[in-house]
Amino acid sequence: MAKAEDAAKSGNKYGGERRWTKPSRRADSYAKERKARVHQHGQKEGKELTDYESGIRSGYLQCQSDHAGMFRYKKALEAGLSKEEAVKFSRERGTKLDKKS
């Protein structure tokens with residue numbers, strides 16, 4: 001019953017808040033590895049990334065960057081909200097950004 005109430009409040013039939021709001025440690029690490037073209041963690045540390053491994057990281061990063069929560073987080077920061085307010089806004093569903101004056 002609580003999920004139904006949350007869904008009604010959020011305007012989304014699935015209810016709840018968005019989970020992902022900014023890049024994870026993995027995404028940050030993958031971006032650095034792709035830029036350097038070298039493994040930076042684990043058994044292969046220091047070895048060059050293969051095309052396959054680079055592609056895996058690229059796909060993961062593309063998926064993360066397409067996420068709506070990240071878009072909303074960046075827009076909130078650009079509008080002058082604090083990081084805490086931007087995180088809160090990025091997790092809300094179906095609301096518009098009220099810019100700070």
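H39 turns out to be buried, because its relative accessibility is just 6%, below the 20% cut-off. In this predicted model, H39 sits in the loop that links α2 (25-36) to α3 (51-65). Plenty of residues beyond its sequence neighbours touch H39: E33, K44, E45, G46, K47, E48, L49, E53 and R57.

One of those contacts, E33, also belongs to the buried set of α2, together with A27, S29 and Y30. These residues lie on the same side of α2, since they span an arc of only 160° around the axis. That fits the usual helical pattern: with 3.6 residues a turn, residues three or four places apart point the same way. On the face turned away from the buried side of α2, the exposed residues are R25 and K35. As for its length, α2 runs for twelve residues and covers 17 Å from first to last C-alpha, close to the expected 16 Å. Right after α2 comes R37, with a positive phi near 60°.

Further along the chain, M70, Y73, A76, L81, A86 and F89 make up the largest nonpolar core, six residues in total. Both α4 (68-78) and α5 supply at least two residues of this core, and α4 gives the most, with three.

How far can the model be trusted? The chain has an average pLDDT of 77, and 69% of its residues score at least 70. Confidence peaks in helix α5 (residues 83-91), with a mean of 87, and bottoms out in helix α1 (residues 2-10), at 51. Where pLDDT is low, the predicted coordinates should not be read in detail.

Technical notes:
Residues are numbered from 1 along each chain as its sequence is written. This is a predicted model: local features need pLDDT of at least 70, side-chain atom pairs count only at pLDDT 80 or more; totals for chains, interfaces and linings use all residues. Side-chain values use heavy atoms; hydrogens and water are left out. pLDDT is the predictor's confidence in each residue, from 0 to 100. Helices (H or I, at least four residues) and strands (E, at least two) are DSSP runs, numbered from the N terminus. Buried means under 20% relative accessible area, exposed over 50%, partly exposed in between (1.4 Å probe, protein chains only). Contact means heavy atoms within 4.5 Å. A nonpolar core is a set of buried Ala, Val, Leu, Ile, Met, Phe, Trp, Tyr and Cys residues joined through side-chain atoms within 4.5 Å. The expected span of a helix is 1.5 Å times one less than its number of residues. The arc is that of the directions from the helix axis to the C-beta atoms.
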